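Me: I have a structure to go through and want to know what stands behind the labels used for it. Please set each value against its cut-off.

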Amino acid sequence: MSIIDLRSDTVTQPTPGMLAVMHAAPTGDDVYGEDPTVNRLEARLAADLGFQAALFVPSGTMSNLLGLMAHCERGEEYIVGQQAHTYKYEGGG
């Protein structure tokens with residue numbers, strides 16, 4: 001069995017098949033909801049997980065930032081330990 005390392009978007013390398021699918025995928029502006037691939041992904045995940053809607057974000061850092069911003073306003077602080085991932089590795093995010 002081959003191992004696929006998904007711990008980071010900088011470590012994971014797409015296979016030739018993945019690259020071919022990405023190259024052939026229809027695209028559009030996701031900001032305006034015009035990317036059919038993103039729209040299908042969000043709709044499928046929402047349905048699979050039993051949610052009303054889903055939101056695709058391109059990185060773990062962005063998803064962590066969205067989670068923090070759902071709880072804190074801009075300029076507010078959050079309290080975590082010195083080893084917390086968002087504090088230790090994502091301060092620039």
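Reply: What follows is a set of questions and answers on this predicted model.

Me: Why is Thr 86 called buried or exposed, whichever applies?

Reply: Thr 86 has 18% relative accessibility. Buried means under 20%, so Thr 86 counts as buried. Thr 86 is found in helix H4, residues 85-89. Leaving aside neighbours within four places in sequence, Thr 86 is in contact with Asn 64, Leu 68, Tyr 78 and Gly 91.

Me: What label does Ser 59 get, and why?

Reply: The relative accessibility of Ser 59 is 22%. Partly exposed lies between under 20% for buried and over 50% for exposed, so Ser 59 counts as partly exposed. Ser 59 is in the loop between H2 and helix H3 (60-71). Ser 59 and Ser 8 are 51 residues apart in sequence, and their C-alpha atoms are 8.8 Å apart in space.

Me: How do you know which label fits Val 11?

Reply: Val 11 has a relative accessible area of 31%. That value is neither under 20% nor over 50%, so Val 11 is partly exposed. Val 11 sits in the segment before H1. Val 11 and Met 62 are 51 residues apart along the chain, with 17 Å between their C-alpha atoms.

Me: What makes the pair Arg 44 and Asp 48 a salt bridge?

Reply: The closest N and O atoms of Arg 44 and Asp 48 are 3.3 Å apart. The cut-off is within 4 Å, so the pair counts as a salt bridge. Both residues lie in helix H2, 4 residues apart, about one turn of the helix. Arg 44 is exposed, and Asp 48 is exposed too. A search of the whole structure finds 1 salt bridge.

Me: Why does Asp 35 have no salt bridge?

Reply: Side chains of opposite charge can pair when their charged atoms come close. For Asp 35, the nearest side chain of opposite charge is Arg 40, at 7.0 Å. A salt bridge needs a distance within 4 Å, so Asp 35 has none. Asp 35 is nevertheless buried.

Me: What does the side chain of Asp 35 reach, and where does Asp 35 lie?

Reply: The side chain of Asp 35 reaches the backbone nitrogen of Thr 37 at 2.9 Å. Asp 35 lies in the loop between helix H1 (16-24) and helix H2 (36-49). Not counting residues up to four places away in sequence, Asp 35 touches Pro 26, Thr 27, Gly 28, Asp 29 and Asp 30.

Me: What makes Leu 41 eligible for a surface patch?

Reply: Leu 41 has 36% relative accessibility, so it counts as partly exposed. Patch residues need over 30%, and 36% passes that cut-off. Leu 41 lies in helix H2. With Leu 45, Leu 49, Phe 51 and Phe 56, Leu 41 makes a nonpolar surface patch of about 490 Å².

Key: Residues are numbered from 1 along each chain as its sequence is written. This is a predicted model: local features need pLDDT of at least 70, side-chain atom pairs count only at pLDDT 80 or more; totals for chains, interfaces and linings use all residues. Side-chain values use heavy atoms; hydrogens and water are left out. Helices (H or I, at least four residues) and strands (E, at least two) are DSSP runs, numbered from the N terminus. Buried means under 20% relative accessible area, exposed over 50%, partly exposed in between (1.4 Å probe, protein chains only). Lys and Arg count as positive and Asp and Glu as negative; His and the chain ends are not counted. A polar contact is a pair of N or O atoms within 3.5 Å; within protein, one must be able to donate a hydrogen and the other to accept it, and residues adjacent in sequence count only if both atoms are side-chain atoms. Contact means heavy atoms within 4.5 Å. Patches are made of residues with over 30% relative accessible area and no salt bridge: like charges are joined within 9 Å, nonpolar side chains (Val, Leu, Ile, Met, Phe, Trp, Tyr) within 5 Å. Accessible areas come from the Shrake-Rupley method with a 1.4 Å probe; for residues, only the protein chains shown count as cover.
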